[in-house]
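Here's a quick look at how two chains sit together, followed by a peek inside one of them. Have the viewer open as you read.

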Number of protein chains: 2
Amino acid sequence: MRIPLDRDSSIPLYKQIEDFLKENILSGILPPDTRLPSSRQLAHDLGVNRITVETAYDELEADGLVYSRRGSGTYVSPSLTLPDKPSVGASMPAEWPVWQYELLPRRDISDQPVFESGIYIAERKDLVSLAGGLPDSRLFPVEDFRKVFRSILRRDGIRAFEYGDGAGYLPLRHTIAQILSSQGIPARPENLLITSGSQQGIALVTQVLTRPGDVVIVEDPTYASALDFFRTYGLKVIGIPVDSRGMAVEQLEEIMRAYHPRMIYTIPNFQNPTGVCMSGQRRRLLVVLSARYNIPILEDDFVGDLRYDGRAQPALKALDADGNVLLIGTFSKMLMPGLRVGYVLAQGPVFQQLMFFKKISDLATSTLTQRALEAYITVGRYQAHLRRACHAYRRRRDALAEALRTYLPEVRFELPQGGIFLWAQLPGGIFSEDLYPLAWQEGVTFAVGSAFSMNKEKSPFMRLTFSQATPAEIDLGIRRLAKAVARLQGMNKKS
Amino acid sequence: MRIPLDRDSSIPLYKQIEDFLKENILSGILPPDTRLPSSRQLAHDLGVNRITVETAYDELEADGLVYSRRGSGTYVSPSLTLPDKPSVGASMPAEWPVWQYELLPRRDISDQPVFESGIYIAERKDLVSLAGGLPDSRLFPVEDFRKVFRSILRRDGIRAFEYGDGAGYLPLRHTIAQILSSQGIPARPENLLITSGSQQGIALVTQVLTRPGDVVIVEDPTYASALDFFRTYGLKVIGIPVDSRGMAVEQLEEIMRAYHPRMIYTIPNFQNPTGVCMSGQRRRLLVVLSARYNIPILEDDFVGDLRYDGRAQPALKALDADGNVLLIGTFSKMLMPGLRVGYVLAQGPVFQQLMFFKKISDLATSTLTQRALEAYITVGRYQAHLRRACHAYRRRRDALAEALRTYLPEVRFELPQGGIFLWAQLPGGIFSEDLYPLAWQEGVTFAVGSAFSMNKEKSPFMRLTFSQATPAEIDLGIRRLAKAVARLQGMNKKS
């Protein structure tokens, strides 16, 4: 235990020790039944006489704050603190330092979206969540993973816990390269950097390619946490509209000439939040424009494998002969979000810089999970899981479309060919931000349209996630949503 | 498999498929014995007639690039590729896009230290490494951890793989709060953010507190990867000299007035690389100045628990009544670097911002390892391991000091009271950067002094890490180092 002592003070040392412990006990920082260090140990730690510590302990015991057990030590008394609701300690200041208040004005993140992420949403019983961006944990192959972890720990021992290669566990990079190659994307292990999920991939690529003040082009709407990163990092964000064939690439050339963007961020497959796929023609045009105007593309393929119907278009990376496209992918959506393993595929000098930014950002990604993931994929379980997930999510997508047609026929949407999101437009005059609190009351959540947009204005669109709920739950959720819509329409008529 | 097809091209589709596969086979991207998709599957994926695919496969087989097994499918031929040394594929451009060459001039990271980290150093048989910054993996409690992982997977099932609380696994935050409180550092779970190692802690705090162009104060010399982050992020770095009582805090006030720094980064315990501890008096002065000039302190306590003798000084955080100090810690040095679990302790509005930056950086830290770590600490194994590690490292420190006095009596150093580093000054006229290649030839490595400094000039200092080698290995390493020093002195005399 380290206790700050002031040897020049007029307050005796025993009293300083007593006061420090008293404050920490009363504030709940030292919880009931915490064993205090022996007087000998604490005296040694603090460089004071043992009697000084014993005097402090005696005073605390006289006040009933601690009790001693013969031959066992000194403990914090159980009755005096409020463990369920700890009071604010005396050491908490009434006002924070000025620099703490200066942080916000220095950054424009005050209006960050609060609805989008399902991660931090409080639990509510019986809630049907169509909000998050995650797969259904009930489908996770947890038993398979348990076996894989067991065998990895047995097989690799201590190596499973050491730092590995700076670019990531080499056998895993080999495996990912094979998967990508089988999808028509030329990939070698030496061009793959393992990241802590694809969110880190976005952060690393952005930091390497751009500097604050630069312009980045995105789809409008787009992935909220990418937008958050771009804006917090200080980029100027220009949004290109999305229609049923993806980003309106035809509008790009003019913007490229006028604003000299440093990066184009796109989600060509089952886009977040709209669920649309970019057409083959636009993909080719985008890659051509990227090369012509010397602007790299960050291609985010977060659920490209989850296709239920229609024909797959080539990845931008597969069309890229020059090294202009950086591809990021993840296993969070397909397997388990808590794994935190994704990758960046990039060729050329940029790769070394990505490695360097990875190193200064968090040194490395957990080797244990990389090893487990590699073993899981290699024994063929990944492909089998993917087939099962596709089958389940396809049924859920169809259930969502069916429920919308039944209970909310005035809502407009295009059926996504894959992925986990459906983008729905509310009937005239209704904004998703106004609907949200009513829907919450009815017991259903979704992501509001403004969370995905640059301007944060109220939006008639909402993003419905169909991966996390069963068909029956989806049916229930949309019935509740219909009630909320009816209530809001009634309120709007009255006012 | 996704193959980019151009339906407007004059090249027939079968030929486009054939060419694509040929290129990928010859370049080694599709390794020998890779099973190609069935012609039916590929035809479906590409939206072409099955005969088109079969024609392409027949052509490839006629060229000997693939072979077919009856009833099993089509495979890449084994003899044609060079799996050990893959050639550069035809798809690799001769020149990279211009933006790739523009990256380096846009950032001043060309002169990043290459010696410091032990992570990426190539393996060399019989090498004695006194270079890295890691604990000895041979001391790791790997068997205990295997048990903990097994029981966590059994106990928590799927929850071990889901995203958890945005600030980190709550029981782990409780446990860390208790450990800190027992060290005299008031800490509550709600003020603790779990990070992917302390490197991420440095990155998050820096991004929240500063913007590119701001001034940051550090110790000179200091932790190389922190310097790398600060400089890459665009901060102006001002170094304050370190003497045997730590950072020369007396020099701070003038610099604070003149340069208005936004952050002070310090390693008060067993500093990296010097191994010194900041005196109690300087700690108090630093906290007072921080409050007076409204400048937050980032306190990096990376091995504060590894004390072998002398008296522990209070943490800066323990002296901080106002919320000016942000403390970061890690379990990488004590337990296993591959765990990637650290924490930031911070009070006030800044905490929400740290949470936000954590989210946009990588969403969350692996929940599985957080759960395992919590279980490991709570059953008391952590304290026991810490005692064993202290005992072992103390013997190694003493062995290093003894070997230096015996084989290199002209080298000057102060015995560190704890930690894992000893900072040694070479005799007159010798620079550690010149010594390094000779030492490598003799079979010993260390970290060169310039890696830890702002100006990167040659330095007479070297950092010797005593945690990763046994006393016998250390003895051998210093004997080799003495040979290298003698060789360098001989060369210097000749020239």
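To compare the two copies, they are superposed by least squares on the C-alpha atoms of residues with pLDDT of at least 70 in both. Keep in mind that this is a predicted model.

**How the chains are related**

Chain B lands on chain A after a rotation of 180° with 0.0 Å of shift along the axis, and the RMSD of that fit is 0.1 Å. That's the relation of a two-fold axis. If you want to find the axis from chain B, go to Arg150(B): its C-alpha is the nearest one in that chain, 3.5 Å away.

**What the chains share**

The contact draws 93 residues from chain B and 92 residues from chain A. On the side of chain B that touches chain A, several helices give two or more residues, among them α4 (98-106), α6 (170-182) and α13 (367-378) of chain B. The largest share there comes from α12(B), with seven residues. Sorted by class, that side of chain B has 50 nonpolar, 29 polar and 14 charged residues. Since 98% of the interface residues of chain B are also interface residues in chain A, the copies meet through the same surface.

**Two helix pairs**

Now for a pair that spans the two chains and a pair that stays in chain A.

| Helix pair | Axes come within | Crossing angle |
|---|---|---|
| α5(A) and α5(B) | 10 Å | roughly 175° |
| α1(A) and α3(A) | 8 Å | roughly 45° |

How do α5(A) and α5(B) run, roughly parallel or roughly antiparallel to each other? Angles over 145 degrees count as roughly antiparallel, and α5(A) and α5(B) are therefore roughly antiparallel. Arg146(A), Phe149(A), Arg150(A) and Leu153(A) meet Arg146(B), Phe149(B), Arg150(B) and Leu153(B). By class, this α5 contact has four nonpolar, no polar and four charged residues.

The pair inside chain A has another look: α1(A) and α3(A) are oblique to each other, and α1(A) passes α3(A) in a right-handed crossing. From α1(A), the contact includes Leu13(A), Ile17(A) and Leu21(A), while α3(A) brings residues including Val53(A), Ala56(A) and Leu60(A). In total, the contact of α1(A) with α3(A) has seven nonpolar, two polar and three charged residues.

**Domains of chain A**

The domain assignment splits out domain 1 (13-76), domain 2 (128-133 + 384-494) and domain 3 (141-379) in chain A. Taken over C-alpha atoms, the centres of domain 1 and domain 2 of chain A are 58 Å apart.

Note on methods: Residues are numbered from 1 along each chain as its sequence is written. Chains are lettered from A and ligands numbered from 1 in the order in which they are written. This is a predicted model: local features need pLDDT of at least 70, side-chain atom pairs count only at pLDDT 80 or more; totals for chains, interfaces and linings use all residues. Two residues are in contact if their C-beta atoms, placed from the backbone, lie within 7 Å. Helices (H or I, at least four residues) and strands (E, at least two) are DSSP runs, numbered from the N terminus. Ala, Val, Leu, Ile, Met, Phe, Trp, Tyr, Cys and Pro count as nonpolar, Asp, Glu, Lys and Arg as charged, and the others, Gly among them, as polar. Axes are lines fitted to C-alpha atoms, for helices over the stretch in contact, and angles run from 0 to 180 degrees between N-to-C directions. Angles under 35 degrees count as roughly parallel, over 145 as roughly antiparallel, 65 to 115 as roughly perpendicular and the rest as oblique. Domain bounds come from an automatic or database domain assignment. A crossing is left-handed if the near helix is turned anticlockwise from the far one by less than a right angle, and right-handed if clockwise.
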